Amino acid sequence: MKDSKKLYSNILGEGKPFIILHGFLGMGDNWKTLGNQFAEQGYQVHLVDQRNHGRSFHDADFSYETLSADLKHYCDAHQLSDIVLLGHSMGGKTAMLFATQFPELVSKLLIADISPRFYPVHHDAILNGLSQLDFSTLKSRGAADKSLAKYVSDVGTRMFLLKNLYWKEKGQLALRMNMDVLTDQVGEVGEPLPISAKFEGDTLFLRGDKSEYISNQDESIIHAHFPKADIITVSNAGHWLHAENPEEFYDAVMAFLK
């Protein structure tokens, strides 16, 4: 892989490497507050932007195989091994596949609110709303929010999505993520873990009590791929459990790591 395809990351603290992978349409910065807390506990936290997201490179190739290969390249470039690996949603799927492909690199695996199974496409309204943002006329975050609200009613979701806004140049807003590829290949995000994929190491699945991403029926498929997995529920939280109940999420992660 060429150096032009290095993943962007924000590295916090010193100590044992702890990589965090964001979800679909997110970026590493979504995890900055928790990342700083983990760093205070003696970890070197890597908030990584996956390809086509955040400040990382844009590329037409987009699948969990490529996302896992990107992470391997990142670990090699930074000489990381014996890592703690935490992934949320799409990042959780990347983390699952990576751990099954490179188990010797992963000391502990944490998966936030996603199961190894197939998920149907369900981001249509969000992608439609983002694609309708007309930056020739929208000149403020407030105006972009108003436009997006026609498609995405939840304020918290809009705030999360609009973190992707940046000033491309003076007076010109743009989105950081690669909308063309992510819209075209959104089906890849729901792809299941390969049937034969297995990771025998210490694993924790965290699910939000208000989320439907990990159901009770998913427990058998989780244990088929991750025999040592514990599954815990974070209260008062939906799919963005780390943002909705960060204290309980942090406590659960630290209890598992210790």
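**Group meeting: a seven-stranded sheet and its helices**

Okay, let's start with one pair of residues: Val84 stands opposite Lys108 in strand 5. Before I go on, remember that this is a predicted model. That pair belongs to the junction of strand 4 and strand 5, which run parallel and are joined by six bridges.

So how buried is strand 4? Six of its six residues are buried, so the rest of the structure largely encloses it. If you look at the two faces separately, you have Ile83, Leu85 and Gly87 on one side, and Val84, Leu86 and His88 on the other, and all of them are buried. That split fits a general point: in a regular strand, side chains alternate between the two faces of the sheet. Strand 5 is mostly covered as well, with six of its seven residues buried. Going the other way from strand 4, you get to strand 2, and those two pair in the parallel sense over four bridges. There, Leu21 sits opposite Gly87 of strand 4.

Now zoom out to the sheet. We have seven strands in an open sheet, in the order 1-3-2-4-5-8-9, and the pairing is mixed. Which strands stand at the edges? Those are strand 1, residues 9-12, and strand 9, residues 229-234; each has a single partner strand, so one side of each has no neighbour in the sheet. On average, neighbouring strands are turned by 15° against each other, ignoring direction. At the strand 1 edge, strand 1 pairs with strand 3, residues 43-48, in the antiparallel sense, over four bridges. One partnership to look at there is Ser9, whose bridge partner in strand 3 is Val48.

Next, what packs on the sheet. Helix 2, residues 64-77, touches strands 1, 2, 3 and 4, and its direction makes about 155° with that of strand 2. Helix 3, residues 90-101, also packs on the sheet, touching strand 2, strand 4, strand 5 and strand 8, and its direction makes about 145° with that of strand 4.

Helix 1 is the one I'd spend a minute on. In helix 1, residues 32-40, the buried residues are Leu34, Gly35, Phe38 and Ala39. Why do they line one face? Seen down the axis of helix 1, they fall within an arc of 145°, so one face is what they line. The general background is that an α-helix has 3.6 residues a turn, so residues three or four places apart point the same way. On the other side of helix 1, Thr33 and Glu40 are exposed. The buried residues pack against strands 1, 2, 3 and 4, plus helix 9 (241-244) and helix 10 (246-257). After helix 1 comes Gly42, with a positive phi near 95°.

Let me stay with helix 10 for a moment. The axes of helix 1 and helix 10 come within 11 Å and cross at roughly 35°, and the crossing is right-handed. From helix 1 you have Leu34, Gln37 and Phe38, meeting Pro246, Phe249, Tyr250, Val253 and Met254 of helix 10. By class, that contact has seven nonpolar residues, one polar and no charged ones.

Last stop, helix 8, residues 218-225. Its buried residues are Asp218, Ile222 and His225. Down the axis of helix 8, these fall within an arc of 70°, so they line one face of the helix. And what covers them? Strand 8 and strand 9 are among the elements that do.

Conventions: Residues are numbered from 1 along each chain as its sequence is written. This is a predicted model: local features need pLDDT of at least 70, side-chain atom pairs count only at pLDDT 80 or more; totals for chains, interfaces and linings use all residues. Side-chain values use heavy atoms; hydrogens and water are left out. Two strands pair if DSSP finds at least two bridges between them. Axes are lines fitted to C-alpha atoms, for helices over the stretch in contact, and angles run from 0 to 180 degrees between N-to-C directions. Contact means heavy atoms within 4.5 Å. Buried means under 20% relative accessible area, exposed over 50%, partly exposed in between (1.4 Å probe, protein chains only). The arc is that of the directions from the helix axis to the C-beta atoms. A crossing is left-handed if the near helix is turned anticlockwise from the far one by less than a right angle, and right-handed if clockwise. Ala, Val, Leu, Ile, Met, Phe, Trp, Tyr, Cys and Pro count as nonpolar, Asp, Glu, Lys and Arg as charged, and the others, Gly among them, as polar.
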